[in-house]
Amino acid sequence: MATQEERSRAATGAAAGAGDLSALLLDAKLGEICTSIRALARSNDELREALKEHPGDRDFIIAMHENEEIIVKRREMAAELVRRLRKAGIDADVPQDVLEMQVEWKGSSGSGDGDIDKEGGDIDKAEVGEEKTETGPTANTADGLYL
């Protein structure tokens with residue numbers, strides 16, 4: 001995300017122009033997306049705990065998969081915003097905790113409806129606990145972060 005000085009300059013109009021306002025809005029959107037990703041991750045932590053009390057609960061499992069799908073998509077959006085901010089001359093990054101967040105969702109049929117049967121059958125408690133991770137960026141170039 002942009003530095004405090006860059007935000008202040010854009011907010012006070014010291015660096016006047018529509019581009020600066022646009023960059024400020026992009027930076028705000030980046031912050032919003034990162035906050036959303038963190039909330040989804042907390043939700044999944046709570047769902048994992050609930051699964052310990054209610055093993056195999058289909059609704060919990062579906063909710064986790066949906067959250068993870070959204071996390072992956074929002075990280076992609078965050079990387080695109082960083083690329084656009086850097087192009088506008090703003091030093092921006094996706095926060096490290098968001099980059100290092102592990103998700104189990106690997107994508108599937110792309111149905112997006114959370115139907116486990118369409119995604120390869122029932123999922124048992126052991127599968128939910130397995131670590132099928134997707135980690136941080138694979139490249140950090142001048143064009144931006146690639147997740």
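## Helix α3 and the core beside it

Student: What makes the link between D57 and D59 at the start of α3 a polar contact?

Tutor: A side-chain oxygen of D57 reaches to within 3.0 Å of the backbone nitrogen of D59. A polar contact is a pair of N or O atoms within 3.5 Å; within protein, one must be able to donate a hydrogen and the other to accept it, and residues adjacent in sequence count only if both atoms are side-chain atoms. The D57 oxygen and D59 nitrogen fit that distance limit, so the pair qualifies. Keep in mind that this is a predicted model, where local features need pLDDT of at least 70 and side-chain atom pairs count only at pLDDT 80 or more, while totals for chains, interfaces and linings use all residues. Numbering runs from 1 along each chain as its sequence is written, and side-chain values use heavy atoms, leaving out hydrogens and water.

Student: How do you know that α3 has the span expected of a helix?

Tutor: Helices here are DSSP runs of H or I with at least four residues, strands are E runs of at least two, and both are numbered from the N terminus. By that rule α3 covers residues 58–87, 30 residues in total. The expected span is 1.5 Å times one less than the number of residues, which comes to 44 Å for α3, and the helix reaches 44 Å between its first and last C-alpha. Just after α3, G89 takes a positive phi of about 90°.

Student: Why is V94 called buried, and what is D45 called?

Tutor: Buried means under 20% relative accessible area, exposed means over 50%, and partly exposed is in between (1.4 Å probe, protein chains only). V94, in the loop between α3 and α4, has 3%, so it is buried. D45, in helix α2, has 45%, so it counts as partly exposed. The C-alpha of V94 is 8.4 Å from that of R75, 19 residues away along the chain.

Student: What makes a set of residues a nonpolar core, and which members touch the most others?

Tutor: The set holds buried Ala, Val, Leu, Ile, Met, Phe, Trp, Tyr and Cys residues joined through side-chain atoms within 4.5 Å. The largest one has 21 residues, and L30, I37, L85 and V94 touch the most other members. α2 (18–53), α3 and α4 each supply at least two of its residues, with α2 giving the most, eight. As for L85, contact means heavy atoms within 4.5 Å; beyond four places in sequence, its partners are A23, L26, D27, L30, I90 and A92.

Student: Where is confidence lowest, and where is it highest?

Tutor: pLDDT is the predictor's confidence in each residue, from 0 to 100. Helix α5 (residues 125–129) is lowest with a mean of 39, and α3 is highest at 95. Residues 109–140 stay under 50, though the model has 56 contacts for them beyond four places in sequence. Where pLDDT is low, the predicted coordinates should not be read in detail. Chain-wide, the mean is 73, and 58% of residues reach 70 or more.
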